[in-house]
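Colleague: I have a model open and would like to go through it with you. Can we start with the DNA and then move on to the protein?

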Protein chains: 2
Amino acid sequence: MVQYSQNHIDASFGALADATRRGVLEQLGRADASITDLAETFHMTLTGMKKHVVVLERAGLVSTEKVGRVRTCRLGRRGLEEEATWIEGYRQVWAERFDQLDTVVAELKQKENKHGR
Amino acid sequence: MVQYSQNHIDASFGALADATRRGVLEQLGRADASITDLAETFHMTLTGMKKHVVVLERAGLVSTEKVGRVRTCRLGRRGLEEEATWIEGYRQVWAERFDQLDTVVAELKQKENKHGR
DNA sequence: GCTATACTGAACCATCTAGTTCAGTATAGC
DNA sequence: GCTATACTGAACTAGATGGTTCAGTATAGC
């Protein structure tokens with residue numbers, strides 16, 4: 001089986017498990033933003049938003065740079081390759097497991113149709 | 001923007017954020033298993049494994065059926081479509097954001113060459 | 001130098017998580 | 001009926017999470 005970096009994957013699936021953090025990623029996809037910008041968008045204190053940014057940074061999904069007073073956040077270097085790979089692998093196995101069930105269901109539907117529903 | 005079912009996505013990214021639960025999904029991809037089987041594989045008490053199974057069940061990733069004493073677990077009806085879609089959307093935006101940065105593009109190309117793709 | 005802005009860190013809180021133990025209940029098989 | 005197996009539920013633990021407030025520090029701009 002493929003060996004995944006459990007740390008990366010744990011951290012990023014954990015990061016993605018929160019709607020606010022997914023929202024932050026979507027906002028940063030449109031434009032870089034300061035902590036203040038993000039905190040305002042999500043109606044949260046600066047401190048609260050800072051914590052979310054730290055979580056995203058640890059997962060490698062966001063990178064930040066402080067210039068003067070302002071810390072600017074942008075999408076990080078990781079593009080969720082491993083996560084996409086894991087999910088695709090799962091989906092493939094899942095499809096295989098359900099192929100048999102699918103054919104059975106299809107047969108049942110055909111029978112139903114023959115009986116004119 | 002596409003509207004996702006936040007509950008589903010929260011639940012399943014949360015479920016996937018744990019290495020044990022990803023392992024359970026991989027094991028169930030190979031064959032159905034009882035709680036006892038899973039608990040043994042992951043060196044955990046029955047009660048502990050039961051909790052993981054409940055989390056996976058709530059996320060729709062596993063379904064279970066009790067026959068006699070034994071509760072059999074199998075992959076559930078959900079195939080992580082929404083999650084795959086979210087991640088793919090993110091990866092697309094991520095790529096666009098980084099296309100503008102010449103240096104990063106150059107780095108990616110170098111990496112691709114190294115991996116021989 | 002003064003003031004407003006932008007962040008940071010510590011401390012606190014309630015709730016959730018991942019695990020345990022222990023005491024059950026229900027079923028399988030002799 | 002008896003015993004072993006398989007699970008279930010309640011209660012407890014330590015630690016993480018998602019948020020807050022409050023008291024700072026550092027910088028921008030007049």
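Colleague: How far is a polar side-chain atom of A:His52 from a phosphate oxygen of DNA strand D?

Modeller: The separation is 2.2 Å. I count a polar contact when two N or O atoms are within 3.5 Å; within protein, one must be able to donate a hydrogen and the other to accept it, and residues adjacent in sequence count only if both atoms are side-chain atoms. Keep in mind that this is a predicted model: local features need pLDDT of at least 70, side-chain atom pairs count only at pLDDT 80 or more, and totals for chains, interfaces and linings use all residues. Residues are numbered from 1 along each chain as its sequence is written, chains are lettered from A and ligands numbered from 1 in the order in which they are written, and side-chain values use heavy atoms, with hydrogens and water left out.

Colleague: What do A:Thr45 and A:Arg69 reach on strand D?

Modeller: A:Thr45 has a polar side-chain atom 2.7 Å from a phosphate oxygen. For A:Arg69, a side-chain N or O atom is 3.3 Å from a sugar or linking oxygen. The elements giving two or more residues to the surface near strand D are helix 4 (46-58) of chain A, plus helix 3 (35-41), helix 4 (46-58) and strand 3 (70-75) of chain B. Helices (H or I, at least four residues) and strands (E, at least two) are DSSP runs numbered from the N terminus.

Colleague: How many residues surround strand D, and which are the closest?

Modeller: There are 21, the closest being A:Lys51, A:His52, B:Thr36, B:Lys50 and B:Arg71. Near means that a heavy atom of the residue lies within 4 Å. By class the surface has four nonpolar, eight polar and nine charged residues. Nonpolar covers Ala, Val, Leu, Ile, Met, Phe, Trp, Tyr, Cys and Pro, charged covers Asp, Glu, Lys and Arg, and the others, Gly among them, are polar.

Colleague: And strand C, which residues are closest there?

Modeller: A:Thr36, A:Arg71, B:Thr45, B:Lys51 and B:His52, out of 21 that surround DNA strand C. Sugar and phosphate make up 64% of the strand C atoms within 4 Å of the protein. A side-chain N or O atom of B:Thr45 is 2.7 Å from a phosphate oxygen of strand C, and B:Asp18 has a polar side-chain atom 3.5 Å from a phosphate oxygen of that strand.

Colleague: Changing topic. What is the strand order in the chain A sheet?

Modeller: The order is 1-3-2, in an open sheet of three strands with antiparallel pairing. Two strands pair if DSSP finds at least two bridges between them. Strand 1 (33-34) and strand 2 (62-67) are at the edges with a single partner each, so one side of each has no neighbour in the sheet.

Colleague: How many bridges join strands 2 and 3 of chain A?

Modeller: Six, in the antiparallel sense. A:Lys66 stands opposite A:Arg71 in strand 3. The two strands form a hairpin with two residues between them, and A:Gly68 in the turn has a positive phi of about 65 degrees.

Colleague: Last one, chain B. At what angle do the axes of helix 1 and helix 5 cross?

Modeller: Roughly 90 degrees, with the axes of helix 1 (6-16) and helix 5 (81-99) coming within 9 Å. Axes are lines fitted to C-alpha atoms, for helices over the stretch in contact (heavy atoms within 4.5 Å), and angles run from 0 to 180 degrees between N-to-C directions. That makes helix 1 of chain B roughly perpendicular (65 to 115 degrees) to helix 5 of chain B. B:His8, B:Ile9, B:Ser12 and B:Phe13 in helix 1 meet B:Glu82, B:Glu83, B:Trp86 and B:Ile87 in helix 5.

Note on methods. Angles under 35 degrees count as roughly parallel, over 145 as roughly antiparallel, 65 to 115 as roughly perpendicular and the rest as oblique.
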